[in-house]
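Hello,

Here is the structure I promised to pass on to you. Have a look at it first, and then read my notes below.

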Amino acid sequence: SRTVTTKRRGMTEEAADAAIDQACRMLRMPTIRNSFTDYADRAGREQLSYRGFLAELLLAECDDRARRRSERRIKAAKFPREKSLRAFDFDANPNIDPAVIHTLAKCEWVQKGQPLCLIGDSGTGKSHLLIALGTEAAMAGYRVKYTLATQLANELVEAADEMTLAKTTARYGRVDLLCIDLCRHRDYAEVAGGIGSLRRAAGWGCRHSYRLSRNASVLSAGR
């Protein structure tokens, strides 16, 4: 052990960089591998302790892994487009309380398995908020899935015809938050039976709603 330690102490900067690169590849730490030289240079300028330098490196790796996990969850949700609460125009609809929406963005209702209905006329921002709140949930670590109500109803009807309804509802039941966009009044009659079957199978209800107006987009939290 003493021989190995002495040998490593005598490493050149180039050899040390190569060893760090190889070790990071083996340990699957791409963030440290790509940026350790920058952190080392900054640590030297700021005279960080060894512990401080190590903490900076590990925290950078952890932060980047969390970011990549969030990106994967958002991609897996299959939202049709990118929407965020930051980009939502609250001034366009004074009936929407920003404080309520930002409270919902904390996702406590998802943690508790409490469904949420967004109800409003066309153009009031239902789909934007549905996607934005779903994105916030994905970023918070929840498994999220987006679907149109008609698409979900058709899938459930087909599954029932093919005797695979239990398998289909079990697949949807594995997500923490199911975002169902109802879109139009004429969709309601078509989807009511299918969504009812899914709700009964997954044990969901709609106990909480935030009213924007008359139409509905639905975020249903599974448990």
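Let me start with the cysteines: there are zero disulfides in this structure. Please keep in mind that the model is predicted.

Why is Cys-107 not in a disulfide? Its sulfur has its closest cysteine sulfur in Cys-179, at 9.8 Å, and that is too far for a bond. A disulfide would need the two sulfur atoms within 2.5 Å. Seen from the other side, the sulfur of Cys-179 finds its closest cysteine sulfur in Cys-107, again at 9.8 Å and too far for a bond. As for exposure, Cys-107 is buried, with 1% relative accessible area. Cys-179 is buried too, at 0% relative accessibility.

Now to a pair of helices. Helix H2 covers residues 13-27 and helix H3 covers residues 30-46; their axes come within 8 Å and cross at roughly 155°. Because angles over 145 degrees count as roughly antiparallel, H2 and H3 are roughly antiparallel to each other. The crossing of H2 past H3 is right-handed.

Which residues make the contact? On H2 they are Asp-17, Ile-20, Asp-21, Cys-24 and Arg-25, and on H3 they are Ile-32, Arg-33, Phe-36 and Thr-37. Sorted by class, this contact of H2 with H3 holds four nonpolar residues, four charged ones and one polar one.

If you want a place to begin in the viewer, try Cys-107 and Cys-179, whose sulfurs are 9.8 Å apart, and then turn to the contact between H2 and H3, where Phe-36 is one of the residues of H3 involved.

Best wishes

Key: Residues numbered from 1 in each chain as written. Predicted model: local features only at pLDDT ≥ 70, side-chain atom pairs only at ≥ 80, totals over all residues. Heavy atoms only, no water. Buried < 20%, exposed > 50% of the residue type's maximum accessible area, 1.4 Å probe, protein only. Axes fitted to C-alpha atoms, helices over the stretch in contact; angles between N-to-C directions. Helix = DSSP H or I, 4+ residues; strand = E, 2+ residues; numbered from the N terminus. Parallel < 35°, antiparallel > 145°, perpendicular 65-115°, else oblique. Left-handed = near helix turned anticlockwise from the far one by under 90°. Contact = heavy atoms within 4.5 Å. Nonpolar A, V, L, I, M, F, W, Y, C, P; charged D, E, K, R; others polar.
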